[in-house]
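Here are a few short exercises to help you find your way around a new structure. Try each task yourself before you read the solution.

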Amino acid sequence: MNQEELRNWIEQMRQKALRGEMTLDDAKAAVAYCREHRGKSAVRTPSASKPAAPKILNVSSKDLLKGL
Amino acid sequence: MSSHFPVIWDSTMLASLRACRQQFEYSHVQHLKIKGTSVHLHAGAAFAKALEVTRLSYYGENRSPNESLARGVQALIKEYGDFDPGSSAKSLDRMVGALEFYFSEYPLDSDPARVITLAGKPAVEFSFAIPLPLNHPDSGEPLVLAGRFDAVVEFAGGIYPNDEKTTSSLGSSWSKQWEMRGQFVGYCWALRELGIPPAGMIVSGISILKTKYEQQRAIIPTPNWKIDAWFADTMGEIEEAIGRYKAGAPIRKNWSEACNAYGACPYKQLCSVEDPQVWIDTYYEVRPWNPLKVVEATP
């Protein structure tokens, strides 16, 4: 499913939701489609394949030890 | 022009007061807002609701990560409603994708930042309202500092308020902007007042563009001295505002960076004309800000 197809499918889900007809299975399918799309997407960010380490700001080793 | 001095304060109001007294007057005394809804606010609110539902489902109802996320998607689509984002990247499909992306980066069952339980419930989207040692200039009642945590988490042995920020881009300097953010030091102060000493603040950012998503997470240690300094400065700022209010002091404009920050102050046009009332009548409406409800209340 490319971005355009995904957009159209989500739009159908929106219409179902507006009518109060969207089900949990619909939502699960949306998650699966988004996951599939992300996996196939040609444009990947470095963080999409490996979580970036959190940035710890303005921290001395003393403060860090306190935090831990 | 002044009508009422605020009783309940939050980080948005404090930031406005510090940025520009005229902006504060328009926004939090007269409660003027530009007509219509900002796509950033609308999409951000829908995303926040989805995060809340997902976390409550996982941490509070013991549902699986996948089902919890599906419930979050349902909430997001419902909350987004029939809003038209125009050409913004924050369209419904991109927001749904962003939610899935977020929890692929921070999986519910393996994210080292775990939502804690407070009063028997997951510490997700809960409000605080704490009386301040300052009284209202008219009623004499204590002023209150209020806010709302996205979540409170345990991370590496410490307790941290966690806040999510959606944005269009996450540059190398994104994480540095939070170091002196009063909003977050205030959250740490509130948590400390509630008897839970925080180690610091976590800010999780997700950028939503038309072709990609990115994320960053910043850990900001917040020692007690910093919280104390923020509190002293904040009380001083409000006390000075009370003094100006009582004295009927003129409301001054910033005449500098605050006029252009974040893509320009929403009241810049009013400050740019001799008679702002015509613009107010045409382009603005009164929408009181309620810090305890997060979203702007409608009259």
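Helices here are DSSP runs of H or I with at least four residues, strands are runs of E with at least two, and both are numbered from the N terminus. Keep in mind that this is a predicted model, with ipTM 0.83 and pTM 0.87.

**Exercise 1.** Find the order of helices and strands along chain A.

Solution. Start by counting: chain A has four helices and one strand. Then read along the sequence, and the pattern is α-α-α-β-α. As a last step, look at burial: 16% of the 68 residues in chain A are buried.

**Exercise 2.** Check whether the length of helix α5 of chain B agrees or disagrees with its number of residues.

Solution. Helix α5 of chain B covers residues 92–105, which is 14 residues. The expected span is 1.5 Å times one less than that number, so it should be 20 Å. The end C-alpha atoms are 20 Å apart, in agreement. This helix is also mostly covered, with 13 of its 14 residues buried.

**Exercise 3.** Explore the largest nonpolar core.

Solution. This core has 63 residues, and those touching the most other members are Phe47(B), Val73(B), Leu76(B), Met95(B), Val96(B) and Leu99(B). Helix α3 (residues 39–60) of chain B contributes the most, ten residues. Next, take Phe47(B): beyond four places in sequence, its contacts include Leu76(B), Met95(B) and Leu99(B). A second, separate core of 15 residues has Met13(B) and Ile238(B) among its members.

**Exercise 4.** Where in chain B is the pLDDT below 50?

Solution. Begin with the whole chain: the mean pLDDT of chain B is 92, and 97% of its residues reach 70 or more. The pLDDT is below 50 over residues 295–299 of chain B.

Methods
Residues are numbered from 1 along each chain as its sequence is written. Chains are lettered from A and ligands numbered from 1 in the order in which they are written. This is a predicted model: local features need pLDDT of at least 70, side-chain atom pairs count only at pLDDT 80 or more; totals for chains, interfaces and linings use all residues. A residue is buried if 20 or more other C-beta atoms lie within 10 Å of its own, exposed if 12 or fewer, and partly exposed in between; C-beta atoms are placed from the backbone. pLDDT is the predictor's confidence in each residue, from 0 to 100. Two residues are in contact if their C-beta atoms, placed from the backbone, lie within 7 Å. A nonpolar core is a set of buried Ala, Val, Leu, Ile, Met, Phe, Trp, Tyr and Cys residues joined through C-beta atoms within 7 Å.
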